[in-house]
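Could you walk me through this structure, one selection at a time? I have it open in a viewer and would like to know what to click on next.

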Amino acid sequence: MPDSLSLDQARRVALAAQGLAASPRASRAGPARLRAALDQLGAIQIDSINVVARSHELVLAARAGAYDRAAFDRVVYRRRAGFEYWGHAASFLPMAQFRLCLPRMRRLAAATRGWWADIRQRNHQLYGPVLDRIRAEGPLAASAFRDPDGPRRGSWWDWAPAKHVLEDLFDQGVVLVHDRVNFERRYDLAERVLPPGVDTSEPTPGEAALELTLLAARALGVGTAADLADYYRLRPAEARAALAEAVAAGLLQEVAVAGWAKPAYLLPGTRVPRRVAHPPVLLSPFDSLIWSRERTERLFGFRYRLEVYVPAPKRVHGYYTMPVLAGGQLVARVDPKHDRQDGRLLLRRLHLEAATAPDAAVAATAAAAARLAVHLGADRVEAGDAMPADLAKQLRVALETVGPLGAAGA
């Protein structure tokens with residue numbers, strides 16, 4: 001390995017590590033391919049926004065191509081190849097990482113200050129009854145504990161006392177997510193969720209941090225100390241110690257990346273792909289390639305901000321803006337909506353990046369949207385009226401050029 005990388009080389013290394021350098025097989029992805037994607041990424045963030053699809057579906061479709069959305073549920077909840085816990089925020093994690101979460105579970109269980117400690121004090125009388133019901137009845141959602149005569153605010157944000165207790169027990173590893181029904185978690189005792197033979201030997205916090213740092217390096221391809229720590233949200237002191245140990249032991253190699261102010265690190269023997277051959281894709285705002293907005297700007301020259309929580313009149317690029325990845329670059333950003341009732345994927349806004357030829361960026365957007373529409377089961381892709389008329393016209397021509405959606409998925 002060289003001791004320095006050009007920015008283009010760093011991009012290719014990062015894309016290969018994230019499964020975005022080579023074209024996926026044309027056949028519809030099955031459980032094996034989805035499990036491989038989960039193992040390669042090491043963490044897939046979970047988010048509730050469903051204007052296009054759940055974020056994890058978008059992440060998987062970008063890498064594996066179109067797939068039966070129930071197939072990933074089978075991978076995680078039936079075959080138990082993965083589980084839900086805190087990785088990079090709430091995440092799907094490969095089951096092999098379960099033991100690496102044990103130190104965090106112990107730390108949270110021992111917390112005597114902060115929000116969770118307050119929850120335990122205020123709701124201490126509920127812990128026993130909640131666990132008793134789960135033990136007797138099997139997997140239960142938070143809604144099962146809701147007062148039928150009380151207010152109903154929805155399963156995702158219904159933080160009633162029982163929900164607080166369930167989330168605390170989840171953080172401690174006492175209960176785990178058995179499955180989801182209509183995206184609402186159903187909790188069960190951890191020993192009834194974990195598959196037979198899973199490694200539950202508990203590492204020290206330092207050992208877990210070291211392994212997670214190496215997993216982050218594998219998933220990122222190349223990253224600074226801050227990048228590696230951010231992937232699994234390691235605490236600063238643990239991250240620094242783990243990185244120092246990894247470098248001293250030869251498990252990570254320091255490398256300079258052109259234009260980066262701080263040194264980067266990668267696994268020894270990391271190969272630099274000669275080219276990127278992945279078809280254009282739309283990236284979820286919560287895609288692991290762009291988790292770190294600062295790294296995204298450093299790696300792609302792409303300044304990205306999610307505007308979901310920005311008041312509509314103040315939005316610059318749209319509600320759920322998805323970057324367009326093509327040819328190893330982020331060439332545009334589009335604000336799509338899956339109109340399920342009408343069977344269409346509507347592209348409400350489109351903004352092209354200045355560094356890419358407009359014709360190429362529009363063509364890439366059309367191709368990426370068509371591929372996503374195949375996965376979503378949408379009949380067509382349409383350009384909305386919120387973008388300039390000339391750009392909308394150009395996009396409509398490009399969409400016609402893409403051809404039938406079935407061909408776009410190949």
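Start by selecting F286, which sits in the loop between β11 (281-282) and α13 (293-300). Names such as these refer to DSSP runs numbered from the N terminus: helices are H or I runs of at least four residues, and strands are E runs of at least two. You are looking at a predicted model, with residues numbered from 1 along each chain as its sequence is written, where local features need pLDDT of at least 70, side-chain atom pairs count only at pLDDT 80 or more, and totals for chains, interfaces and linings use all residues. Side-chain values use heavy atoms, with hydrogens and water left out.

Is F286 buried or exposed? F286 is buried, with a relative accessible area of 12%. Here, buried means under 20% relative accessible area, exposed means over 50%, and partly exposed is in between (1.4 Å probe, protein chains only). Now add I46 to your selection: F286 and I46 are 240 residues apart in sequence, yet their C-alpha atoms are 8.2 Å apart in space. If you set aside neighbours within four places in sequence, F286 is in contact (heavy atoms within 4.5 Å) with Q45, D47, I49, S55, V59, W291, L306 and Y320.

Two of those names, S55 and V59, lead to the next stop. Select helix α3 (residues 55-64): ten of its ten residues are buried, so the helix is largely enclosed by the rest of the structure. Among the buried residues of α3 are H56, E57 and R63. Just after α3 comes G65, whose phi is positive, near 85°.

**A pair of helices**

Next, show helix α2 (residues 31-41) together with helix α4 (residues 69-78). Their axes come within 9 Å and cross at roughly 65°. These axes are lines fitted to C-alpha atoms, for helices over the stretch in contact, and angles run from 0 to 180 degrees between N-to-C directions. Which residues of α2 and α4 meet? From α2 come P31, L34, R35 and L38, and from α4 come A71, F72 and V75. Keep F72 in view, since F72, Y77 and F92 form one aromatic cluster.

**Rings and charges**

How many aromatic pairs does a search of the whole structure find? The search finds nine. Rings of Phe, Tyr and Trp (its six-membered ring) pair if their centres lie within 6.5 Å; planes under 30 degrees apart count as stacked, over 60 as edge-to-face and the rest as tilted. Zoom in on W115 and W116: their ring centres are 4.4 Å apart and their planes are at 65°, so the pair is edge-to-face. W115 is partly exposed, at 46% relative accessibility, while W116 is buried, at 17% relative accessible area.

Then select F170 and Y187, another edge-to-face pair, with 6.4 Å from centre to centre and 70° between the planes. F170 belongs to helix α8 (residues 161-172) and Y187 to strand β7 (residues 184-189), so the pair ties together parts that are 17 residues apart in sequence. F170 is buried, with a relative accessible area of 0%, and Y187 is buried with a value of 0%.

Stay with F170 and add R185, which lies over the face of the F170 ring at 4.5 Å from the ring centre. A charge sits over a ring if NZ of Lys or CZ of Arg is within 6 Å of the ring centre and within 35 degrees of the ring normal. You can find another example at R133, whose charged end sits over the ring of F145, 4.7 Å from its centre.

**Two sheets**

Now switch to a cartoon view. One open sheet has four strands in the order β1-β9-β10-β8, with mixed pairing. Two strands pair if DSSP finds at least two bridges between them. β1 pairs with strand β9 (residues 253-257) in the parallel sense over two bridges, and the bridge partner of S4 in β9 is A256.

The other stop is an open sheet of five strands in the order β11-β12-β13-β14-β15, again with mixed pairing. Its edge strands are β11 and β15 (380-383), each pairing on one side only. Strand β12 (residues 322-326) and strand β13 (residues 329-339) pair in the antiparallel sense over five bridges. Finish with helix α15 (residues 389-402), which packs on this sheet and touches β14 (344-352) and β15; the direction of α15 makes about 160° with that of β15.
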